[in-house]
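Let's take a walk through this model, starting from the inside and working outwards. Keep the viewer open and follow along.

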Amino acid sequence: MQGKEFLSAGKRHIRWKLVLVTLGIIGAAVAIRWFWGSEWATAQGPGTSPANTARSTPEAIPAPAPRGNSATSSPTRSEGAVSSQPSQPQIVAVVNGEPITREELRRECLRRYGEEVLESVVNKYLIMEECQRRGISITAEEIDAEITRMATRFGMPVEAWLKLLKDERGIKPEQYRRDIIWPMLALRKLAGQKLLVTPEEIQREFESRYGPAVKARMIVVSRRDLAERLRSEAVAHPDQFGELAKQYSEDAASASLKGLIQPIRKHVGQKEIEDVAFRLKPGEISSVIPVANQFVILKCEDQLPPVKVRLEDVRAELEEMARDAKMRTVAQEIFQELQKRAQVVNVLNDPQKRQQMPGVAALINGRPIRLEDLGEICIDRHGEEVLELTINRKLIEQACKKKGLTVTDADVDAEIARLASQNLPPRADGKPDVERWVGMICEQQNITPEIYRHDLVWPAVALKKLVNADVQVTEEDLKKAFEANYGPRVRCRAIVLNNLRRAQQVWEKARANATEENFADLAEQYSIDPATRALRGEVAPIQRHGGQPNLEEEAFSLKPGEISGIIQVGPETYVILYCLGFTKPVDVDFASVKDILVEDIREKKLRLAMADYFDKLRAAATIDNFLAGTTQSPNLTRRAAAGTESAVR
């Protein structure tokens, strides 16, 4: 079990990284990303209604000094812009009688999020100071109105909208007001006339949303000579364009769909591609298009007409979209100017400065941000998430201690080397390319090497040690693995549906004309799975022991040209198969692959055993989480179950 599995192994869902996901659903808030980097700023903004000013952890950002105008946007001390924290409970959780202190949680939060949260605090301070300098204020009424507008835009009451943000995105209502809506309104006011939208910009938005489009397939490669060769082959055999894309295209998403991409619209993506696409006729193949460091070939499937919508009917919506688009650029410009004028000393990331200024995270125009205060902001923002991870690690540590097991740095190094050797080619000297592997994982997960070792690799190594003796590879395991990897497979087309009645209707249509061509047409028309729909039902050959016994049993019972019954493979998920035939078994001797199979099976069984062990470890634990306000105890669970059983009787 590796990092992601461990992070999700607890009973509660853990948000590993909330990195501006809200911007994907909040249109006008997109500009904040340019200011806040990878995190929302958490410093208390002005305009907070009285109901939201009381907080368990006040924001520890120093308020800019007044500049002679009291009606500014800087928060008052009562709103939380202070440099000291009120007393907090020093125990944040108890795990099987062992406490986790607030200091420990603060340290863990700083280790994971200190750098990015500090950046957000600095950014928020600069915005606040500039608003104060210009005499700009944001009122509670303006914030309420903007929240109402956002909720209305998504067709929801305000209460339901705020609940959705909290439940789905982990953003509390007060955070939404303070960290998203207030900065957005402040930036709008700072931008001023720069956000005025011209008729030409509205027309561009109209064309990009409702104008004509090009249905196309695409091949992307990094070499010009390869692109020219592929284009020549495609021109000679246009019907093979999809196969060429599948085999050669470096864009995995479209290659998996034989080059099929979302319809190309004007003013949305690369201008070079759009200009060529709109000149193509259906069936025509483009020349090689240089784009950045890659080369693109297009095949026009169809020229789609504009959507029948009048500009005047959608002008207000388009104006808002155009303003949001401008906000990204304007926000960058404003912030770059603020950075030029500011004097920011980052102490947190400089070991020498940390020694010179202990307890200080940064200086903003000479005003200190205390390390403790920054830690409290991190707890306010990510405390529940980090505490959940800390509890999970505590449980594993306790289990290791009970069994007398230790996980050393050498154990962690060995596991990282094993993963590197499995997933990457070796270095020139034959050793695992550990440096490249760690760099790749850290970039993908947006974490540091320290976090990778501490949060992802250490738990996996510890759990592996805890279950290792209980995992055995049996002869039955080997037999099934050999059949799955080297035995015959069923070549099929498939239609995936999410409604039994619709599945029955489609099945009747397939039976009435039991040809491959008709089945492919039905897959293209009815399958809810984008891949099978785009590929007219083509799926990878079905193997034995692949994890879908019902599907496999039905597939292997078919003869070429036969249609299966309706196979339920999950809740509200139904599949219909058309058998094309069987692949030949791979001509390989069992003895020659036995060691490979043993290693593969053992690793898979280890992962399952690790996940099962941790689930049981968690279920048997007594956990008091004071930050989340939850209590878990096996005794409470048993009493609750007994009470339910008694009530049923």
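**From the core to the sheet**

Keep in mind that this is a predicted model. Its largest nonpolar core holds 89 residues, and the ones touching the most other members are Tyr-176, Ile-396, Trp-437 and Tyr-452. Which helix gives this core its largest share? That would be α3, with 13 residues. A separate core lies apart from this one; it has 15 residues, including Val-214, Met-218, Val-220 and Ile-289.

Since α3 puts in the largest share of the big core, let's stay with this helix for a while. Helix α3 covers residues 102-134 and lies across β7, β8 and β9, running at about 25 degrees to β8. Helix α14, residues 371-403, packs on the sheet too, where it touches β8 and β9. The direction of α14 makes about 55 degrees with that of β9.

Now for the sheet itself. It is open, has three strands in the order β7-β8-β9, and pairs them in antiparallel fashion. Why do two of the strands have a side without a neighbour in the sheet? β7 (344-346) and β9 (367-370) stand at the edges and have a single partner strand each, so one side of each is left free of a neighbour in the sheet. From one strand to the next, the twist averages 20 degrees. Zoom in on β8, residues 360-364, and you'll find four bridges tying this strand to β9 in the antiparallel sense. To get your bearings there, look for Ala-362, which stands opposite Ile-369 in β9.

Back to α3, this time for its meeting with another helix. Helix α12 spans residues 311-341, and the axes of α3 and α12 come within 10 Å, crossing at roughly 90 degrees. Angles of 65 to 115 degrees count as roughly perpendicular, and α3 and α12 are therefore roughly perpendicular to each other. Who meets whom? On the α3 side you have Asn-123, Leu-126, Ile-127, Glu-130 and Arg-133, and on the α12 side Phe-335, Leu-338, Gln-339 and Arg-341. Sorted by class, this contact has four nonpolar, two polar and three charged residues.

One last stop is a hairpin. Strands β1 (residues 91-95) and β2 (residues 98-101) pair in the antiparallel sense over four bridges, and Ala-93 stands opposite Ile-100 in β2. Two residues sit between β1 and β2 in this hairpin. If you like checking backbone torsions, go to Asn-96 in the turn, which has a positive phi of about 50 degrees.

Conventions
Residues are numbered from 1 along each chain as its sequence is written. This is a predicted model: local features need pLDDT of at least 70, side-chain atom pairs count only at pLDDT 80 or more; totals for chains, interfaces and linings use all residues. Side-chain values use heavy atoms; hydrogens and water are left out. Two strands pair if DSSP finds at least two bridges between them. Axes are lines fitted to C-alpha atoms, for helices over the stretch in contact, and angles run from 0 to 180 degrees between N-to-C directions. Contact means heavy atoms within 4.5 Å. Angles under 35 degrees count as roughly parallel, over 145 as roughly antiparallel, 65 to 115 as roughly perpendicular and the rest as oblique. Ala, Val, Leu, Ile, Met, Phe, Trp, Tyr, Cys and Pro count as nonpolar, Asp, Glu, Lys and Arg as charged, and the others, Gly among them, as polar. A nonpolar core is a set of buried Ala, Val, Leu, Ile, Met, Phe, Trp, Tyr and Cys residues joined through side-chain atoms within 4.5 Å. Buried means under 20% relative accessible area, exposed over 50%, partly exposed in between (1.4 Å probe, protein chains only).
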